[in-house]
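This briefing walks through one protein model, topic by topic, for a reader who wishes to check each statement against the coordinates. Please keep the sequence and the structure open while reading.

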Amino acid sequence: MAKVIWEKEKQVSAAGRLLPNNYQSFLAFVFAIQEINRNVHLLPNISLGYEFHNFLHSHWRTLESSLILLTGQSETPNYICRRESRSVAILTGTSWATAVQIGPLLELYRLPQVTFGAFDPLLKSNGQFSSLYQVAPKDTSLALGMVSLMLHFGWTWVGLVVTEGHRGLQFISEVKAAMKKSKVCVAFMKMIPTAFVSYLFNPKRHDFLTKETSPVNVVIIYYDTESLNDINYLMGQHLVTWRVWVTNSQWHADTTGRNFFLDSFHGILIFSNHREEISGFKNFVRTVNPFKHPEDTFLTLLWFNNFHCSFSESDCTLKNCALNGSLAWLPANYFDPATSDSSYNIYNAVYAVAHALHEMLSQQIQISPLGEEERKWVSPWQLNSFLENIQLNSPAGEQVTLDDKRKLTAEYDILNFWNFPEALRIKVKVGTFSAHVSNGQQLSLYEDVIEWATGISETPQSVCSESCNPGFRKTSQKEKASCCFDCTPCPENEITNDTDMQECVKCPDHQYANPLRNYCLQKSVTFLSYEDPLGKALSATALSLTVLTALVLGLFVKHRDTPIVKANNRGLSYTLLVSLAFCFLCSLLFIGRPNTSTCILRQTTFAIVFTVAVSTVLAKTFTVVLAFKVTTPDRRMRQFLVSGAPNSIIPICSLIQLTLCGIWMGTSPPFIDTDTHSEHGHIIIVCNKGSLTAFYCVLGYLGSLALGSFTVAFLARNLPDTFNEAKYLTFSMLVFCSVWVTFLPVYHSTQGKVMVAMEVFSILASSAGLLGCIFAPKCYIVLLRPDSNSLHGFRNKILSGRKEAFMS
């Protein structure tokens, strides 16, 4: 008979009894051995036996138990008194601390040790325990799974409670890295000592529910088996019913028999290793009783305490028990019938040892001579090579391998613990997590099934700061975690179209931000059109002034032989009126949708017609001066006036301006451009000047002509002439210069359509100033004072003037 030894740390409840839930692991161990012994294809003609040992929390007790299971006695080390049978392997559920104690002793004999506890990467990382094997899958994706759950529900402000020890420190490292990558922040972190004695001497280290933890609604708790009851006790004492606890499969419900109406553990989410159902195990648990297994003293005590039994005085056997008693009848907080991780791992561990032993014996039969009646027994250390290479599918459908390098990462079932109504204590599967599938499909949840903690009616939130809605960006708070932030509105014409965005995005030039600043709208194309109120007003003014100029021209032509029209060269007056009419009309080129032609024409036409108008005023000013000089006996001056020399000023000045415009158009002509910033929500089509230098040269030349005309007219304003228009010319040029001097700063301070409208207004205002100041007084005399516009009236005015001069 081959013997498999099962040993486990003795976990004791507050009452000093072995925890009933741990008894399920022992039942799984027995069930697997009985199943193998009934299997004719696995280890034929060989029966597996077992021993059961409890390890107490004591160094010398642990070592003593190890010596007993190895030698059969505890007095003489290194001496084996077992004769009938030898153990081929040891199944342990020990922690790292216990493995350090018994590991070196077991390594002396190279006795195979198969652990069924949670996977611990340090057990074989340094090669210290070469004969130790772990049946549990790797827990390397546990942190990733928990963080994925946080992201699914939008929990970014999470507390961490981790038991001390190397596994706890490793989990902290993994979960912090995953949280940082996923932008989930650690609200607080508490390390809980694993030794119960530390609670007696320093209870404050265990009290992790402090003011610091109060704002956090979600807490991740990483349990180690040794510290389980301590943390459960602290949570139960505080009666926290409004938090969501997320933990690993090492957690189990309160096993002390206490029933809270408001349970701190109701709604807890558990990441449990995925496992298939063990066929027949539930029925085995349901039917097991002390009458079938009289050697099982714990089962006898369990029956006695829960099924109203009494002991027989003769042989201490049970009697008068409740009929059809079953472990399935016990409360879930006392005995959970659902298969635990530990039970499942024990079941697979027994099968792994059995298959390794089967392969070893099969190999021995092939090597041993045929017909040999007695085969030499193989030492247990020879089983190591077979255990290391074993790979099988257990009857539960699980792929089992004991080589850490080939071991797969665990897949997880997400369980929801229900304990309302009181003492319900059931675990319901609400989702799965697998790191083997592609991103986005790793986590699967059935949210409608989840029962949240008592007092929470809907999916809870756990954030340091509320999410920033679209239209706002996150601004970090000084000296706080990245999950704590303020929401700042996006600047003008910038948007955020998602929640919790770090930066606002500027809208393209052809779009603009809506009032909420959460998306961009298409800008509408606009320009100074004839349909705009401003465009209508300017175009109507331009046409009205053009008509008025035409009427004045007609009036002068009709009265061309009158003294006031003939004075100061009526040909120049006609030229000035025609040029002013074109000045008014050229402003219409600035209104309407711009194109390449109008962009070029509006600048060149404006420059040339204004040059003609201003040079005509300059010619008229010279005419007034020359007319006065003619009255003196200077023959040369008379010939200069009669020859029409002042009229040559107009073509000369116009030719110079035409040259400047030609250079402008040849080097950098105006072109169509868009203004996307001046008017919100609009793209304004404008004419770009091209070369600003050329534009200001044209304006500067016009300004020099106007300044020259103003200077000459100002000097001739007091010349003694009845129809001397020097005063009017002076005032008109003063108005003209004032308009354009005012235009320059205003033009530079405006944009878009207003800039174009300002340019049109300056053209109309300066032209209207010339028309009104020069021709309004003459029209007044022609229309309202005809007696002064005759030769007779002219002579009377001269005589009266001389008489006044004589009397004075």
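How many bridges join strand 15 to strand 16, and do the two strands run parallel or antiparallel? Seven bridges join strand 15 to strand 16 (residues 426-433), and the two run antiparallel. The model is a predicted one, and it comprises 21 helices and 26 strands. Of the 808 residues in the protein, 49% are buried, and among the contacts between residues at least 6 apart in sequence, 68% join residues at least 24 apart.

**Strands 9, 10, 15, 16 and 17**

- Strand 9 (residues 244-248) pairs with strand 10 in the parallel sense over three bridges, and within this pairing N248 stands opposite F271 of strand 10.
- Strand 10 (residues 269-273) is mostly covered, since five of its five residues are buried; L269, F271 and N273 point one way from the strand, while I270 and S272 point the other way.
- On from strand 10, five bridges lead to strand 15 (residues 412-418) in an antiparallel arrangement, in which N416 of strand 15 is the bridge partner of L269.
- N416 also takes part in the pairing with the next strand, where it stands opposite V428 in strand 16.
- Strand 16 is in turn joined to strand 17 (residues 443-445) by three bridges, again with the two strands running antiparallel, and here F433 has L443 of strand 17 as its bridge partner.

**Nonpolar cores**

- The largest nonpolar core has 61 residues, and those with the most contacts inside it are F606, F610, F736, W740 and F775.
- At least two residues of this core are supplied by each of several helices, among them helix 12 (533-558), helix 14 (570-586), helix 15 (596-630), helix 18 (692-715), helix 19 (726-748) and helix 20 (753-784).
- Helix 20 provides the largest share of this core, namely 12 residues.
- When residues up to four places away in sequence are not counted, F775 touches V552, F556, S573, L576, L577, L580 and L770.
- Another core lies apart from the largest one and has 58 residues, including L27, V114, Y351 and L361.

**The environment of L392**

- L392 has its place in strand 13 (residues 391-393), and it counts as buried because its relative accessibility is 8%, which falls under the 20% cut-off.
- Leaving aside neighbours within four places in sequence, the residues in contact with L392 are Y351, A352, H355, E398, Q399 and V400.
- One of these contacts, H355, is 37 residues from L392 in sequence, with a C-alpha to C-alpha separation of 8.1 Å in space.
- Y351, which is in contact with L392, is also one of the residues of the 58-residue core.

**Cavities**

- The structure holds four cavities of 30 Å³ or more, and the largest cavity contains about 140 Å³ of space.
- The lining of the largest cavity consists of F119, P121, K138, D139, T140, L142, R167, Q170, F171, E174 and Y222.
- Sorted by class, this lining has five nonpolar, two polar and four charged residues.
- Helix 5 (residues 166-181) gives the most to the lining of the largest cavity, with four residues.

**Positive phi values outside glycine**

- D500, in the loop between strand 20 (494-495) and strand 21 (505-506), has a phi near 55°, a positive value in a residue other than glycine.
- Is D500 buried or partly exposed? D500 counts as partly exposed because its relative accessibility is 27%, a value that lies between the 20% and 50% cut-offs.
- R517 is found in the loop between strand 22 (511-513) and strand 23 (520-522), and it has a positive phi of about 60° although it is not a glycine.
- R517 likewise counts as partly exposed, because its relative accessibility is 27%.

Definitions and conventions:
Residues numbered from 1 in each chain as written. Predicted model: local features only at pLDDT ≥ 70, side-chain atom pairs only at ≥ 80, totals over all residues. Heavy atoms only, no water. 1 Å grid on protein atoms, 1.4 Å probe; cavity = no way out; pocket = protein on both sides within 12 Å on 5 of 7 lines; lining within 4 Å. Points joined across faces, edges and corners; volume = space filled by probe spheres on them. Nonpolar A, V, L, I, M, F, W, Y, C, P; charged D, E, K, R; others polar. Buried < 20%, exposed > 50% of the residue type's maximum accessible area, 1.4 Å probe, protein only. Pairing = 2+ DSSP bridges. Core = buried A, V, L, I, M, F, W, Y, C linked by side-chain atoms within 4.5 Å. Contact = heavy atoms within 4.5 Å.
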